[in-house]
Amino acid sequence: MRLGFHVSIAGGLERCVRRTLIRRCTTLQMFSGAPVQWARPHISDEDCAAFVEALAERDIRPHFVHAKYLLNVSSPDEELRAKSVADLCEEMAIALKLRAAGVVIHLGSVGDEGAVEEGTQRVARAVDAACHAVLDAPAVILENSAGQGNIVGAQFEQLAEIVAATHCPERVRCCVDTAHAFGAGMALHTPEGVEEMVARIDATFGLERLALLHVNDSKVPFASGRDRHWHIGRGEIGREGMTRIVNHPRLVHLPFVMETPGAEADDVSNMRRIRRLIRPENRPPLPPLPADLRR
Ligand SMILES: [Zn+2]
Ligand SMILES: [Zn+2]
């Protein structure tokens, strides 16, 4: 098991490493720029190399890049889709430079009129383009959704369909966000719901294809179709649900990445809280806080 957060890169990669250490992460996820702007900052080769070295030095691995929120690779709007695919290709090149394990993408919305089946085919073509554009690049990681606004990926079957429809299935992996699964109708606040999630992963895209878990509690009720992340154990999935998820024998080998709201202090307490929920035999050692970051 590895524990980490989605960590901000505001101010540069060095600041990102610093935030990662303060949060005592052993894995992480990041954006490569601003998630709601098409323009992206230039990241120099030197900065990349220093970043890769800093993570390796502390044994922080794997790390993931999350694509921009602007991306909509299943949109019926051709211009937006083309722009999204082009940006995904750039993201793959950056992820390669950063030595990331993969690029996590939301599957986009087909809009009010669209059919989700058409969306899955469009996602598959986008994945093909991304794999083709950057041959040695890391995996494309498909994330499940809560289903709001006709976003593709509310059912694990749709992720499996996309994998089956790509020409590069060996390059495609999946990410399950617990808050999204809960919103999409998986009763993760109950023991049966957690078992159902694992069984459905098994029956669709397969556990071996799961690259990471986004471990988030949910601020909105079960099966709401909505996506509002909340602090670990303090939301509608709750303490018991979260405890079952983070100790599930079929999931404990995975990197767990939290995307909980708030600032540094909130992250530090979410890390403390998730560690308390994890049984000692599953709990990874806490990385020491570097001397220059102690306060
Ligand atoms: Zn995401
Ligand atoms: Zn979310």
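Axes here are lines fitted to C-alpha atoms, for helices over the stretch in contact, and the angles between them run from 0 to 180 degrees between N-to-C directions. Keep that in mind for the helix pairs on this tour, and remember that what you have open is a predicted model.

**Stop 1: the whole chain**

Start zoomed out. There are 9 helices and 10 strands in the chain. Its radius of gyration is 18 Å, close to the 19 Å that the globule rule gives for 295 residues, so the chain is as compact as a globular protein of that length. Turn the C-alpha trace along its principal axes and you'll see a span of about 50 × 50 × 30 Å.

**Stop 2: helix H2 and what follows**

Now select residues 45–57, which make up helix H2. At 1.5 Å a residue, its 13 residues should span 18 Å, and the end C-alpha atoms are 18 Å apart, which agrees.

Step just past H2 to aspartate 59, where phi is positive, at about 55 degrees. Then pick arginine 61 and proline 62: the peptide bond from one to the other is cis, with omega near -10 degrees. Proline 62 sits in the loop between H2 and strand E3 (63–66). Why stop for these? Most residues other than glycine have a negative phi, and most peptide bonds are trans.

**Stop 3: H3 against H4**

Next, show residues 78–97 (helix H3) and residues 116–133 (helix H4) together. Their axes come within 9 Å and cross at roughly 40 degrees. Angles from 35 up to 65 degrees count as oblique, so H3 and H4 are oblique to each other. The crossing of the two is right-handed.

Turn on side chains to see who meets whom. From H3, pick Arg81, Val85, Leu88, Cys89 and Met92; facing them in H4 are Arg122, Ala126, Ala129, Ala130 and Ala133. This H3 with H4 contact has 8 nonpolar residues, no polar ones and 2 charged.

Before leaving H3, look at arginine 99 in the loop between H3 and strand E4 (102–105). Arginine 99 isn't a glycine, yet its phi is positive, at about 60 degrees.

**Stop 4: H4 against H5**

Keep H4 on screen and add helix H5, residues 156–165. How do H4 and H5 pack? At an angle of about 45 degrees, with their axes 8 Å apart. That makes H4 and H5 oblique to each other, and their crossing is right-handed.

To highlight the contact, select Val116, Thr120, Gln121, Val123, Ala124 and Val127 in H4, then Gln158, Glu161, Ile162 and Ala165 in H5. In the contact of H4 with H5, 6 residues are nonpolar, 3 are polar and 1 is charged.

Conventions
Residues are numbered from 1 along each chain as its sequence is written. Chains are lettered from A and ligands numbered from 1 in the order in which they are written. This is a predicted model: local features need pLDDT of at least 70, side-chain atom pairs count only at pLDDT 80 or more; totals for chains, interfaces and linings use all residues. Helices (H or I, at least four residues) and strands (E, at least two) are DSSP runs, numbered from the N terminus. The expected span of a helix is 1.5 Å times one less than its number of residues. Angles under 35 degrees count as roughly parallel, over 145 as roughly antiparallel, 65 to 115 as roughly perpendicular and the rest as oblique. A crossing is left-handed if the near helix is turned anticlockwise from the far one by less than a right angle, and right-handed if clockwise. Two residues are in contact if their C-beta atoms, placed from the backbone, lie within 7 Å. Ala, Val, Leu, Ile, Met, Phe, Trp, Tyr, Cys and Pro count as nonpolar, Asp, Glu, Lys and Arg as charged, and the others, Gly among them, as polar. The radius of gyration is taken over C-alpha atoms; the globule rule is 2.2 Å times the number of residues to the power 0.38.
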